[in-house]
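Biologist: Please take a close look at the second largest pocket of this protein. Tell me what lines that pocket, and then place the lining elements in the rest of the fold.

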Amino acid sequence: MTSHSRSVSGYDKANIHAAYMQRCIELATMGAGKVAPNPMVGAVLVHEGTIIGEGYHELYGKAHAEVNCITQAIKNGHSEKFGNSTLYVSLEPCAHFGKTPPCADLIILHKIPRVVVGCRDPFIEVDGKGIEKLEAAGVEVVLDVMKEECEELNRRFLTFHTRHRPYVILKWAQSSDGKIGGLPEKNGVERSERVLISNEYSNRLVHRWRTEEAAILVGTNTALADDPSLTARLWPGNSPTRLVIDIDLRLPSTLKLFDGSVPTIVFNSVKESEQTNLRHWKTTRENVVADLLKAGYHLQILSILVEGGAALLGSFIEQHAWDEARIITNKQLSLGEGLDAPGLTQAVLKNEASLNGDLLQVYRRPH
(Lines give C-alpha, C1' and ligand atoms only; values in the text may rest on other atoms or scores of the structure.)
Protein backbone atom coordinates (compact mmCIF):
# COMPACT_ATOMS: atom_id res chain seq x y z
CA MET A 1 0.00 0.00 0.00
CA THR A 2 1.49 3.31 -1.02
CA SER A 3 1.25 6.61 0.76
CA HIS A 4 -1.99 7.64 -0.94
CA SER A 5 -4.06 4.63 0.08
CA ARG A 6 -5.43 3.82 3.49
CA SER A 7 -7.79 1.35 5.08
CA VAL A 8 -11.17 2.57 6.26
CA SER A 9 -10.20 1.44 9.75
CA GLY A 10 -10.16 4.56 11.92
CA TYR A 11 -11.37 6.78 9.11
CA ASP A 12 -13.71 9.46 10.49
CA LYS A 13 -16.36 8.93 7.79
CA ALA A 14 -16.51 5.13 7.99
CA ASN A 15 -20.26 5.02 8.52
CA ILE A 16 -20.90 7.26 5.54
CA HIS A 17 -18.58 5.12 3.44
CA ALA A 18 -20.50 2.00 4.45
CA ALA A 19 -23.84 3.55 3.50
CA TYR A 20 -22.66 4.37 -0.01
CA MET A 21 -20.92 1.01 -0.37
CA GLN A 22 -24.17 -0.71 0.56
CA ARG A 23 -25.77 1.09 -2.38
CA CYS A 24 -22.97 -0.18 -4.62
CA ILE A 25 -23.74 -3.74 -3.52
CA GLU A 26 -27.46 -3.25 -4.18
CA LEU A 27 -26.70 -2.01 -7.68
CA ALA A 28 -24.23 -4.81 -8.35
CA THR A 29 -26.77 -7.55 -7.61
CA MET A 30 -28.87 -6.30 -10.53
CA GLY A 31 -26.27 -7.85 -12.82
CA ALA A 32 -26.72 -11.36 -11.37
CA GLY A 33 -26.78 -13.99 -14.09
CA LYS A 34 -25.87 -11.49 -16.82
CA VAL A 35 -22.20 -10.62 -16.40
CA ALA A 36 -20.32 -13.90 -15.81
CA PRO A 37 -17.47 -14.64 -16.17
CA ASN A 38 -17.03 -11.01 -15.10
CA PRO A 39 -17.83 -9.99 -11.50
CA MET A 40 -20.93 -8.14 -10.35
CA VAL A 41 -19.93 -4.55 -9.60
CA GLY A 42 -21.80 -1.41 -8.52
CA ALA A 43 -20.58 2.19 -8.35
CA VAL A 44 -21.88 5.53 -7.06
CA LEU A 45 -20.42 9.02 -7.45
CA VAL A 46 -21.00 11.35 -4.52
CA HIS A 47 -20.61 15.14 -4.33
CA GLU A 48 -21.03 16.87 -0.99
CA GLY A 49 -23.34 14.18 0.37
CA THR A 50 -25.45 13.78 -2.78
CA ILE A 51 -25.28 10.93 -5.27
CA ILE A 52 -24.79 12.51 -8.69
CA GLY A 53 -24.33 9.27 -10.63
CA GLU A 54 -24.66 5.54 -10.19
CA GLY A 55 -24.27 2.45 -12.31
CA TYR A 56 -23.55 -1.26 -12.37
CA HIS A 57 -22.09 -3.83 -14.72
CA GLU A 58 -25.21 -4.75 -16.67
CA LEU A 59 -24.06 -7.27 -19.29
CA TYR A 60 -20.90 -9.23 -20.06
CA GLY A 61 -18.78 -7.45 -22.65
CA LYS A 62 -20.53 -4.13 -22.09
CA ALA A 63 -19.60 -1.06 -20.03
CA HIS A 64 -18.39 -1.59 -16.47
CA ALA A 65 -20.04 -0.09 -13.39
CA GLU A 66 -17.68 2.90 -13.19
CA VAL A 67 -18.33 3.80 -16.83
CA ASN A 68 -22.11 3.67 -16.42
CA CYS A 69 -21.89 5.68 -13.21
CA ILE A 70 -19.74 8.46 -14.67
CA THR A 71 -21.78 8.49 -17.89
CA GLN A 72 -24.98 9.01 -15.92
CA ALA A 73 -23.42 11.88 -13.96
CA ILE A 74 -22.30 13.55 -17.21
CA LYS A 75 -25.76 13.19 -18.76
CA ASN A 76 -27.24 14.80 -15.67
CA GLY A 77 -24.95 17.79 -16.07
CA HIS A 78 -22.64 17.18 -13.11
CA SER A 79 -19.26 17.14 -14.86
CA GLU A 80 -18.09 20.30 -13.13
CA LYS A 81 -18.51 18.60 -9.73
CA PHE A 82 -16.13 15.72 -10.46
CA GLY A 83 -13.12 17.56 -9.04
CA ASN A 84 -14.61 17.47 -5.55
CA SER A 85 -16.40 14.12 -5.66
CA THR A 86 -15.83 10.62 -4.34
CA LEU A 87 -16.38 7.47 -6.38
CA TYR A 88 -17.50 4.38 -4.48
CA VAL A 89 -17.06 1.01 -6.18
CA SER A 90 -17.59 -2.47 -4.75
CA LEU A 91 -14.58 -3.99 -6.55
CA GLU A 92 -11.18 -2.58 -7.48
CA PRO A 93 -11.35 -0.68 -10.81
CA CYS A 94 -9.71 -2.57 -13.67
CA ALA A 95 -6.38 -1.41 -15.10
CA HIS A 96 -6.19 -3.50 -18.28
CA PHE A 97 -7.73 -3.56 -21.74
CA GLY A 98 -10.25 -6.41 -21.90
CA LYS A 99 -13.66 -6.21 -23.54
CA THR A 100 -13.61 -2.53 -22.50
CA PRO A 101 -10.88 0.06 -21.70
CA PRO A 102 -9.45 0.37 -18.16
CA CYS A 103 -11.81 1.99 -15.67
CA ALA A 104 -8.86 3.38 -13.70
CA ASP A 105 -7.91 5.47 -16.74
CA LEU A 106 -11.43 6.87 -16.97
CA ILE A 107 -11.38 7.91 -13.30
CA ILE A 108 -8.03 9.66 -13.81
CA LEU A 109 -9.25 11.30 -17.01
CA HIS A 110 -12.17 12.91 -15.21
CA LYS A 111 -9.97 14.04 -12.31
CA ILE A 112 -12.04 12.36 -9.61
CA PRO A 113 -9.82 12.82 -6.53
CA ARG A 114 -11.07 10.07 -4.19
CA VAL A 115 -12.06 6.43 -4.74
CA VAL A 116 -13.46 4.14 -2.05
CA VAL A 117 -13.03 0.43 -2.85
CA GLY A 118 -14.93 -2.48 -1.33
CA CYS A 119 -12.37 -5.21 -2.04
CA ARG A 120 -9.47 -6.01 -4.31
CA ASP A 121 -9.88 -7.87 -7.59
CA PRO A 122 -7.92 -11.18 -7.56
CA PHE A 123 -7.95 -11.47 -11.38
CA ILE A 124 -4.30 -11.61 -12.43
CA GLU A 125 -4.74 -8.74 -14.90
CA VAL A 126 -5.95 -6.49 -12.07
CA ASP A 127 -5.01 -7.67 -8.53
CA GLY A 128 -3.85 -4.34 -7.13
CA LYS A 129 -2.85 -2.79 -10.45
CA GLY A 130 -5.96 -0.62 -10.59
CA ILE A 131 -5.26 0.76 -7.13
CA GLU A 132 -1.60 1.35 -8.01
CA LYS A 133 -2.53 3.22 -11.18
CA LEU A 134 -4.95 5.47 -9.31
CA GLU A 135 -2.45 6.22 -6.56
CA ALA A 136 0.31 6.96 -9.08
CA ALA A 137 -1.98 9.62 -10.56
CA GLY A 138 -2.50 11.21 -7.13
CA VAL A 139 -5.93 9.75 -6.44
CA GLU A 140 -6.69 9.08 -2.76
CA VAL A 141 -7.81 5.45 -2.37
CA VAL A 142 -9.67 4.11 0.65
CA LEU A 143 -9.62 0.30 0.81
CA ASP A 144 -11.68 -2.54 2.31
CA VAL A 145 -14.94 -0.74 3.03
CA MET A 146 -17.48 -3.50 3.75
CA LYS A 147 -14.86 -5.93 2.50
CA GLU A 148 -16.61 -9.10 3.71
CA GLU A 149 -19.91 -8.09 2.13
CA CYS A 150 -18.24 -7.23 -1.17
CA GLU A 151 -16.35 -10.52 -1.20
CA GLU A 152 -19.58 -12.37 -0.40
CA LEU A 153 -21.23 -10.68 -3.37
CA ASN A 154 -18.55 -12.01 -5.72
CA ARG A 155 -17.74 -15.30 -4.01
CA ARG A 156 -18.08 -17.11 -7.36
CA PHE A 157 -15.64 -14.77 -9.08
CA LEU A 158 -13.17 -14.85 -6.19
CA THR A 159 -13.28 -18.66 -5.93
CA PHE A 160 -12.74 -19.00 -9.66
CA HIS A 161 -9.64 -16.79 -9.67
CA THR A 162 -8.09 -17.95 -6.39
CA ARG A 163 -8.88 -21.69 -6.56
CA HIS A 164 -8.87 -21.98 -10.35
CA ARG A 165 -12.15 -23.84 -10.51
CA PRO A 166 -15.87 -22.98 -10.65
CA TYR A 167 -17.81 -22.18 -7.50
CA VAL A 168 -19.83 -25.34 -6.78
CA ILE A 169 -23.36 -25.27 -5.36
CA LEU A 170 -25.01 -28.56 -4.41
CA LYS A 171 -28.79 -28.66 -4.46
CA TRP A 172 -31.32 -31.31 -3.54
CA ALA A 173 -34.83 -31.73 -2.18
CA GLN A 174 -35.56 -34.23 0.57
CA SER A 175 -38.47 -35.54 2.61
CA SER A 176 -38.84 -34.88 6.30
CA ASP A 177 -37.16 -38.24 6.99
CA GLY A 178 -34.16 -37.45 4.78
CA LYS A 179 -35.06 -39.28 1.55
CA ILE A 180 -34.49 -37.82 -1.92
CA GLY A 181 -36.53 -40.41 -3.81
CA GLY A 182 -38.18 -43.79 -3.82
CA LEU A 183 -36.34 -47.10 -3.83
CA PRO A 184 -34.70 -48.33 -7.04
CA GLU A 185 -36.98 -50.33 -9.31
CA LYS A 186 -36.98 -54.07 -8.82
CA ASN A 187 -36.12 -54.88 -12.45
CA GLY A 188 -32.52 -53.78 -11.84
CA VAL A 189 -32.62 -50.51 -13.75
CA GLU A 190 -30.32 -48.08 -11.97
CA ARG A 191 -32.82 -45.36 -11.31
CA SER A 192 -35.50 -44.60 -8.76
CA GLU A 193 -39.14 -43.73 -9.17
CA ARG A 194 -39.54 -40.00 -9.43
CA VAL A 195 -41.08 -38.43 -6.37
CA LEU A 196 -42.12 -34.78 -6.41
CA ILE A 197 -40.81 -33.45 -3.11
CA SER A 198 -40.57 -29.66 -3.23
CA ASN A 199 -43.62 -27.42 -3.71
CA GLU A 200 -44.37 -24.95 -6.50
CA TYR A 201 -42.83 -22.01 -4.62
CA SER A 202 -39.59 -23.88 -4.07
CA ASN A 203 -39.56 -24.95 -7.71
CA ARG A 204 -39.78 -21.36 -8.88
CA LEU A 205 -36.94 -20.43 -6.56
CA VAL A 206 -34.81 -23.22 -8.03
CA HIS A 207 -35.43 -21.83 -11.51
CA ARG A 208 -34.36 -18.41 -10.28
CA TRP A 209 -31.16 -20.01 -8.98
CA ARG A 210 -30.56 -21.46 -12.43
CA THR A 211 -30.59 -17.98 -13.99
CA GLU A 212 -27.89 -16.88 -11.51
CA GLU A 213 -25.36 -19.65 -12.25
CA ALA A 214 -23.16 -20.28 -15.27
CA ALA A 215 -23.87 -24.01 -15.54
CA ILE A 216 -26.05 -26.81 -14.19
CA LEU A 217 -24.93 -30.42 -13.80
CA VAL A 218 -26.66 -33.83 -13.68
CA GLY A 219 -25.48 -37.41 -14.05
CA THR A 220 -26.50 -40.22 -16.40
CA ASN A 221 -29.12 -41.76 -14.11
CA THR A 222 -30.92 -38.48 -13.45
CA ALA A 223 -30.95 -37.68 -17.16
CA LEU A 224 -32.42 -41.11 -17.97
CA ALA A 225 -34.95 -41.20 -15.15
CA ASP A 226 -36.29 -37.64 -15.32
CA ASP A 227 -35.45 -36.45 -18.86
CA PRO A 228 -34.98 -32.91 -17.45
CA SER A 229 -34.76 -29.75 -19.55
CA LEU A 230 -32.55 -28.01 -16.96
CA THR A 231 -33.75 -24.62 -18.21
CA ALA A 232 -35.11 -21.61 -16.33
CA ARG A 233 -38.68 -22.00 -17.56
CA LEU A 234 -40.31 -20.70 -14.39
CA TRP A 235 -38.23 -17.53 -13.97
CA PRO A 236 -37.18 -14.77 -16.39
CA GLY A 237 -33.51 -14.85 -17.25
CA ASN A 238 -30.85 -16.85 -19.02
CA SER A 239 -30.74 -20.63 -18.79
CA PRO A 240 -27.36 -22.00 -17.66
CA THR A 241 -25.06 -24.13 -19.78
CA ARG A 242 -26.12 -27.75 -19.31
CA LEU A 243 -23.48 -30.22 -18.15
CA VAL A 244 -24.11 -33.97 -18.04
CA ILE A 245 -21.80 -36.81 -17.04
CA ASP A 246 -22.33 -39.72 -19.43
CA ILE A 247 -19.13 -41.75 -19.22
CA ASP A 248 -20.13 -44.47 -21.70
CA LEU A 249 -22.42 -42.29 -23.88
CA ARG A 250 -25.51 -44.26 -22.92
CA LEU A 251 -27.95 -41.36 -23.14
CA PRO A 252 -30.28 -41.33 -26.17
CA SER A 253 -30.24 -38.27 -28.41
CA THR A 254 -34.02 -37.92 -27.94
CA LEU A 255 -33.61 -36.51 -24.41
CA LYS A 256 -34.53 -32.85 -23.79
CA LEU A 257 -30.88 -32.23 -22.86
CA PHE A 258 -30.02 -32.61 -26.54
CA ASP A 259 -32.74 -30.41 -28.03
CA GLY A 260 -30.17 -27.76 -28.99
CA SER A 261 -31.96 -24.96 -27.13
CA VAL A 262 -29.12 -24.37 -24.67
CA PRO A 263 -25.35 -25.03 -24.89
CA THR A 264 -24.75 -28.53 -23.54
CA ILE A 265 -21.49 -30.29 -22.65
CA VAL A 266 -21.30 -34.08 -22.27
CA PHE A 267 -18.44 -35.35 -20.12
CA ASN A 268 -17.51 -38.84 -21.32
CA SER A 269 -14.62 -41.29 -21.76
CA VAL A 270 -15.22 -41.95 -25.46
CA LYS A 271 -14.81 -38.90 -27.67
CA GLU A 272 -14.15 -35.19 -28.15
CA SER A 273 -16.41 -33.27 -30.51
CA GLU A 274 -18.02 -29.89 -30.94
CA GLN A 275 -21.23 -28.96 -32.73
CA THR A 276 -23.69 -26.11 -32.43
CA ASN A 277 -24.77 -26.03 -28.78
CA LEU A 278 -23.41 -29.56 -28.17
CA ARG A 279 -19.92 -30.46 -27.09
CA HIS A 280 -18.39 -33.76 -26.00
CA TRP A 281 -15.55 -33.36 -23.52
CA LYS A 282 -13.38 -36.38 -22.90
CA THR A 283 -12.58 -37.24 -19.30
CA THR A 284 -11.19 -40.14 -17.32
CA ARG A 285 -13.49 -42.59 -15.63
CA GLU A 286 -11.58 -42.37 -12.35
CA ASN A 287 -11.30 -38.58 -11.92
CA VAL A 288 -14.56 -37.25 -13.32
CA VAL A 289 -15.14 -34.53 -10.70
CA ALA A 290 -11.57 -33.21 -10.84
CA ASP A 291 -11.54 -33.30 -14.65
CA LEU A 292 -14.90 -31.55 -14.80
CA LEU A 293 -13.72 -28.74 -12.54
CA LYS A 294 -10.55 -28.31 -14.60
CA ALA A 295 -12.67 -28.14 -17.73
CA GLY A 296 -14.93 -25.58 -16.06
CA TYR A 297 -11.95 -23.34 -15.36
CA HIS A 298 -10.67 -23.76 -18.93
CA LEU A 299 -14.12 -22.91 -20.33
CA GLN A 300 -14.55 -19.85 -18.08
CA ILE A 301 -17.52 -21.38 -16.24
CA LEU A 302 -17.71 -19.35 -13.05
CA SER A 303 -20.20 -21.51 -11.15
CA ILE A 304 -21.94 -24.87 -11.32
CA LEU A 305 -25.28 -25.81 -9.76
CA VAL A 306 -25.21 -29.57 -9.15
CA GLU A 307 -28.72 -31.04 -9.35
CA GLY A 308 -27.83 -34.70 -9.76
CA GLY A 309 -28.72 -37.75 -7.71
CA ALA A 310 -27.24 -38.97 -4.44
CA ALA A 311 -24.20 -40.61 -6.08
CA LEU A 312 -23.17 -37.50 -8.01
CA LEU A 313 -23.77 -35.16 -5.08
CA GLY A 314 -21.90 -37.57 -2.80
CA SER A 315 -18.86 -37.60 -5.09
CA PHE A 316 -18.50 -33.83 -4.75
CA ILE A 317 -18.90 -34.06 -0.98
CA GLU A 318 -16.38 -36.89 -0.65
CA GLN A 319 -13.78 -34.98 -2.64
CA HIS A 320 -14.41 -31.71 -0.74
CA ALA A 321 -15.18 -30.15 -4.11
CA TRP A 322 -18.12 -27.97 -3.08
CA ASP A 323 -18.61 -24.48 -1.67
CA GLU A 324 -22.31 -24.17 -0.94
CA ALA A 325 -25.25 -26.54 -0.43
CA ARG A 326 -28.93 -25.64 -0.72
CA ILE A 327 -31.27 -28.21 0.78
CA ILE A 328 -35.06 -28.05 0.44
CA THR A 329 -36.92 -30.18 2.99
CA ASN A 330 -40.63 -30.96 2.62
CA LYS A 331 -41.69 -30.98 6.27
CA GLN A 332 -45.08 -32.56 5.44
CA LEU A 333 -43.74 -35.50 3.41
CA SER A 334 -42.33 -38.71 4.86
CA LEU A 335 -41.27 -41.46 2.44
CA GLY A 336 -40.29 -44.17 4.89
CA GLU A 337 -38.26 -46.32 2.55
CA GLY A 338 -36.27 -44.57 -0.14
CA LEU A 339 -32.92 -43.23 -1.24
CA ASP A 340 -31.05 -41.47 1.53
CA ALA A 341 -30.09 -37.85 0.99
CA PRO A 342 -26.36 -37.08 0.97
CA GLY A 343 -24.70 -36.23 4.25
CA LEU A 344 -22.69 -33.01 4.40
CA THR A 345 -19.32 -32.87 6.13
CA GLN A 346 -17.57 -29.72 7.34
CA ALA A 347 -20.76 -27.76 6.74
CA VAL A 348 -21.73 -24.49 8.38
CA LEU A 349 -25.37 -23.36 8.31
CA LYS A 350 -25.46 -19.93 6.66
CA ASN A 351 -29.20 -19.25 6.74
CA GLU A 352 -32.61 -20.87 6.52
CA ALA A 353 -36.11 -19.86 5.47
CA SER A 354 -39.61 -21.31 5.09
CA LEU A 355 -41.33 -21.51 1.71
CA ASN A 356 -44.98 -22.42 2.20
CA GLY A 357 -44.14 -25.52 4.20
CA ASP A 358 -40.77 -26.30 2.65
CA LEU A 359 -37.66 -25.55 4.69
CA LEU A 360 -34.72 -24.07 2.78
CA GLN A 361 -31.30 -24.39 4.40
CA VAL A 362 -28.11 -22.97 2.93
CA TYR A 363 -24.78 -24.38 4.08
CA ARG A 364 -21.22 -23.30 3.32
CA ARG A 365 -18.03 -25.32 3.41
CA PRO A 366 -15.33 -23.36 5.26
CA HIS A 367 -12.04 -23.17 3.36
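Modeller: In this predicted model, the element that gives the most to the lining of the second largest pocket is helix H7, with five residues. H7 covers residues 200-212. Two more helices, H5 (147-153) and H6 (155-163), also give two or more residues to the lining of this pocket, as do strands E15 (324-330), E17 (348-355) and E18 (358-364). The lining has 46 residues in total, and those nearest the centre of the pocket are Ala32, Gly33, Thr211, Glu212 and Glu213. Sorted by class, the lining of the second largest pocket has 22 nonpolar, 13 polar and 11 charged residues. The space in this pocket comes to about 1,200 Å³.

The three lining strands lead to the sheet. E15, E18 and E17 belong to an open sheet of 10 strands with mixed pairing, in the order E12-E13-E11-E10-E9-E14-E7-E15-E18-E17. The edges of this sheet are E17 and strand E12 (273-275); each has a single partner strand, so one side of each is left without a neighbour in the sheet. From one strand to the next, the twist averages 20°.

Elsewhere in the sheet, strand E11 (residues 264-268) pairs with strand E13 (residues 278-282) in the parallel sense, over five bridges. In this part of the sheet, Asn268 stands opposite Lys282 in E13. Helix H10 (residues 310-318) lies across four of the strands, namely E7 (167-175), E9 (215-219), E10 (241-245) and E14 (303-306). The angle at which H10 runs to E7 is about 135°.

Two backbone details are found in loops that meet strand E2 (42-47). Pro37 sits in the loop between helix H1 (14-28) and E2, and a cis peptide bond with omega of about 10° joins Ala36 to Pro37. Glu48 is placed in the loop between E2 and strand E3 (50-56). Glu48 is not a glycine, yet has a positive phi of about 50°.

A further contact involves helix H3 (residues 103-109), where Leu106 is found. Once its neighbours within four places in sequence are left aside, Leu106 is in contact with Glu66, Val67 and Ile70. From Leu106 to Glu66 the separation is 40 residues in sequence, and 8.3 Å in space from C-alpha to C-alpha.

As for the whole, the protein has 10 helices and 18 strands. Its radius of gyration is 23 Å, close to the 21 Å that the globule rule gives for 367 residues, so the protein is as compact as a globular protein of that length. Taken along the principal axes, the box filled by its C-alpha atoms is roughly 75 × 45 × 35 Å.

How values were computed. Residues are numbered from 1 along each chain as its sequence is written. This is a predicted model: local features need pLDDT of at least 70, side-chain atom pairs count only at pLDDT 80 or more; totals for chains, interfaces and linings use all residues. Side-chain values use heavy atoms; hydrogens and water are left out. On a 1 Å grid over the protein atoms alone, a cavity is a set of points where a 1.4 Å probe fits but cannot get out, and a pocket is an open set with protein on both sides within 12 Å along at least five of seven lines; lining residues have an atom within 4 Å of a point. Grid points are joined across faces, edges and corners, and a volume is the space filled by probe spheres set on the points. Ala, Val, Leu, Ile, Met, Phe, Trp, Tyr, Cys and Pro count as nonpolar, Asp, Glu, Lys and Arg as charged, and the others, Gly among them, as polar. Two strands pair if DSSP finds at least two bridges between them. Axes are lines fitted to C-alpha atoms, for helices over the stretch in contact, and angles run from 0 to 180 degrees between N-to-C directions. Contact means heavy atoms within 4.5 Å. The radius of gyration is taken over C-alpha atoms; the globule rule is 2.2 Å times the number of residues to the power 0.38.
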